[in-house]
Amino acid sequence: MQFRLLIEREDPVRGEVVLNATRDAINALVGGLEFDVEDEQVANEVLLERQLSKGAFDAAERAAVRARLLSVSLAEDLHELIKNTRRDLRAVIQEWATAVPDRLATAREHIAGRMEAEHRLLAKVRESLESDDQQVTMAAARIAALLTECSRRHDALHRQVIAARGVFLEEHDRQSFRPPALGHLPDVNREVLTPLLGLDSETALAVTHGPNCIHRANQPIGGNLTVSQAELGTMEETLAATEREVEAALRGATVTVRELKRALGAARSGHVRDLRKSLAAARDAANRLADDTRGTADGFDLDEQAYLSSGGYVKELLAEAETQGLSIVEDDDRLLCYPSLLRVLPSDAAVEVDKVRDRRLRPSVLVAALARAQERGPRFKAEAFLDSLRSAYELLVSGTDKRDDAVIRLVDIWSVLTMLPGQRGQYSKQEFARDLYLLDQSGVTHTARSPRTLRWAASTGTKGSGTLVTVARNGQQQRYWGISFTEAPR
């Protein structure tokens with residue numbers, strides 16, 4: 001049996017080739033290839049619960065780390081299926097016809113059980129957070145963080161499982177009407193470049209410049225339409241194809257530089273015959289490089305402003321986020337992705353992320369950056385925000401005949417905070433709702449500047465007008481309607 005533990009992938013952010021662990025590697029790490037991941041995870045949770053009951057927090061922490069690795073393995077399995085479905089449905093159509101429906105049904109049941117178990121384990125761990133033993137408290141906090149991450153991963157995975165059938169149907173419709181692919185594409189390094197380098201220069205030139213040779217990757221097919229254009233549909237696919245073409249051109253540039261270096265050495269040493277051959281090879285390589293570069297430049301005709309205006313970019317961004325297990329919700333002209341707020345700016349060919357314009361439009365890169373921002377967490381000064389909130393609240397209460405602790409709508413407080421000209425454009429309702437959620441999560445209810453305590457209004461107003469909506473860390477919508485401030489009991 002053959003399997004791979006590591007695969008090379010290019011990091012689109014750093015522009016470097018990195019090693020990624022495969023699902024086989026994760027399986028090997030968490031207990032061996034002969035174990036079923038789902039069964040292993042159930043057993044691990046039983047072990048973790050027993051260790052928590054015994055107070056063996058060091059062992060419990062190791063079990064929690066193991067649980068996280070198992071969650072990653074489950075997500076990787078589904079991610080690979082969705083990725084292959086989006087890439088070429090024909091390659092996995094047999095799986096969808098036979099094994100996939102049962103796998104998805106089993107996955108739904110398994111994930112539901114795991115989320116229930118994780119909530120139960122978290123409740124046990126939180127009991128230990130009140131321990132007088134500092135080491136126990138710190139270990140319990142680390143275990144709680146690991147279990148929370150597992151729960152978040154399972155929540156995202158559950159959404160992917162539910163949406164998987166929709167992805168299949170969508171890709172079936174899209175790929176059914178896509179122009180046919182070109183058939184087998186050779187492995188350039190193994191099937192083309194390596195055999196070519198083993199030939200003598202005369203034979204190699206005959207192969208690359210013969211009458212039956214198509215030496216331009218961007219050869220026109222049917223008028224001015226190019227191969228890369230015929231196959232592309234989304235921005236991600238367009239940029240990925242252009243990336244491959246540029247990489248091929250860079251390899252051609254490497255050949256050109258290598259031949260020029262050989263010519264330089266021959267000129268320095270006086271090997272005239274070798275110098276002549278190297279110069280001819282460098283000239284031919286440079287001509288091929290120029291042709292390939294020209295073809296890539298002519299074939300790249302992406303109108304990013306029109307694509308951003310059409311709504312297709314947002315749809316693609318949402319699909320990429322779902323594939324990577326990240327929740328993004330549309331709200332008017334903004335996209336909510338805890339803790340970030342996004343706005344697509346077609347006229348500037350940019351995306352505004354938390355008021356910072358980012359011109360990196362490739363969906364996979366942007367979603368990866370949003371995921372990192374989510375892992376880092378927000379930079380939020382809860383006490384300063386609460387002071388501003390209380391000041392606006394007191395201003396509204398003082399202008400009416402209401403009680404000092406009356407409930408005030410949050411949209412009215414936002415109006416006070418943005419009453420100066422131009423401020424509403426600088427501080428939107430979506431940003432205000434996001435800050436309310438961060439304040440809610442911080443647990444801060446009063447500050448040193450005032451003993452008055454914040455109270456969130458729990459009324460039916462959250463279902464009516466004036467409701468502010470944001471997205472929580474777990475991807476669920478969070479609604480806020482009103483608040484009040486009460487005097488601290490004496």
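Let me begin with a pair of strands, β4 and β5, which run antiparallel and are joined by three bridges. I should say at once that what we are looking at is a predicted model, and that everything I describe today is computed from its atoms. Within this pair, L336 stands opposite L341 of β5, and the two strands make a hairpin that leaves two residues between them. In the loop between β4, residues 334-337, and β5, residues 340-345, we find P339, and the peptide bond that joins Y338 to P339 is cis, with an omega of about -5°.

Staying with β5 for a moment, is this strand mostly covered or mostly open? It is mostly covered, since five of the six residues of β5 are buried. On from there, β5 also pairs with β6, again in the antiparallel sense, this time over four bridges, and one of the bridge partners to look at is A350 in β6, which is matched with L345. β5 and β6 form a hairpin as well, with four residues between them, and in that turn A349 has a positive phi of about 50°.

Positive phi values come up again a little further along the chain, in the loop between β6, residues 350-353, and β7, residues 356-358, which is where D354 lies. The phi of D354 is near 50°, which is a positive value in a residue other than glycine, and K355, whose place is in the loop between β6 and β7 too, has a phi near 70°, likewise positive in a residue other than glycine. How exposed are these two residues? D354 has a relative accessible area of 34% and is therefore partly exposed, while K355, at 45% relative accessibility, also counts as partly exposed.

Let me now step back to the whole chain. The protein has 18 helices and twelve strands, and of its 490 residues, 39% count as buried. If we take the contacts in the protein with a separation of 6 or more, residues 24 or more positions apart account for 65% of them.

That brings me to the nonpolar cores. The largest of these has 27 residues, and among its members L389, L410, I413, F432 and L436 touch the most other members. Which elements supply this core with at least two residues each? They are α15, residues 382-398, α16, residues 410-417, α18, residues 429-442, and β12, residues 482-486, and of these α15 gives the most, with seven residues. For a closer look at one member, take F432: once its neighbours within four places in sequence are left aside, F432 is in contact with F385, L389, L410, I413, W414, L417, Y427 and L468. There is also a second core, separate from the one just described, which has 19 residues and includes M235, Y307, L317 and C337.

Since β12 supplies residues to the largest core, it is worth following that strand into its sheet, which is an open one of three strands in the order β8-β12-β9, with antiparallel pairing. The edge strands here are β8, residues 408-409, and β9, residues 453-456, each of which pairs on one side only. Between β8 and β12 the antiparallel pairing runs over two bridges, and in one of the places you may want to check on screen, I408 has I483 of β12 as its bridge partner.

Finally, the cavities. How many of 30 Å³ or more does the structure hold? The structure holds four, and the largest cavity has a volume of about 60 Å³. The residues that line this largest cavity are R152, D155, A156, R159, G325, L326, S327, Q374, R473, N474 and G475. Helix α6, which covers residues 134-176, gives the most to that lining, with four residues. As for character, the lining divides into two nonpolar, five polar and four charged residues, and those of you with the model open may like to set that beside the 27 residues of the largest nonpolar core.

To close, I would point to two places for a second look in the model: the cis peptide bond between Y338 and P339, and the positive phi values at D354 and K355.

Methods:
Residues are numbered from 1 along each chain as its sequence is written. This is a predicted model: local features need pLDDT of at least 70, side-chain atom pairs count only at pLDDT 80 or more; totals for chains, interfaces and linings use all residues. Side-chain values use heavy atoms; hydrogens and water are left out. On a 1 Å grid over the protein atoms alone, a cavity is a set of points where a 1.4 Å probe fits but cannot get out, and a pocket is an open set with protein on both sides within 12 Å along at least five of seven lines; lining residues have an atom within 4 Å of a point. Grid points are joined across faces, edges and corners, and a volume is the space filled by probe spheres set on the points. Ala, Val, Leu, Ile, Met, Phe, Trp, Tyr, Cys and Pro count as nonpolar, Asp, Glu, Lys and Arg as charged, and the others, Gly among them, as polar. Buried means under 20% relative accessible area, exposed over 50%, partly exposed in between (1.4 Å probe, protein chains only). A nonpolar core is a set of buried Ala, Val, Leu, Ile, Met, Phe, Trp, Tyr and Cys residues joined through side-chain atoms within 4.5 Å. Contact means heavy atoms within 4.5 Å. Two strands pair if DSSP finds at least two bridges between them.
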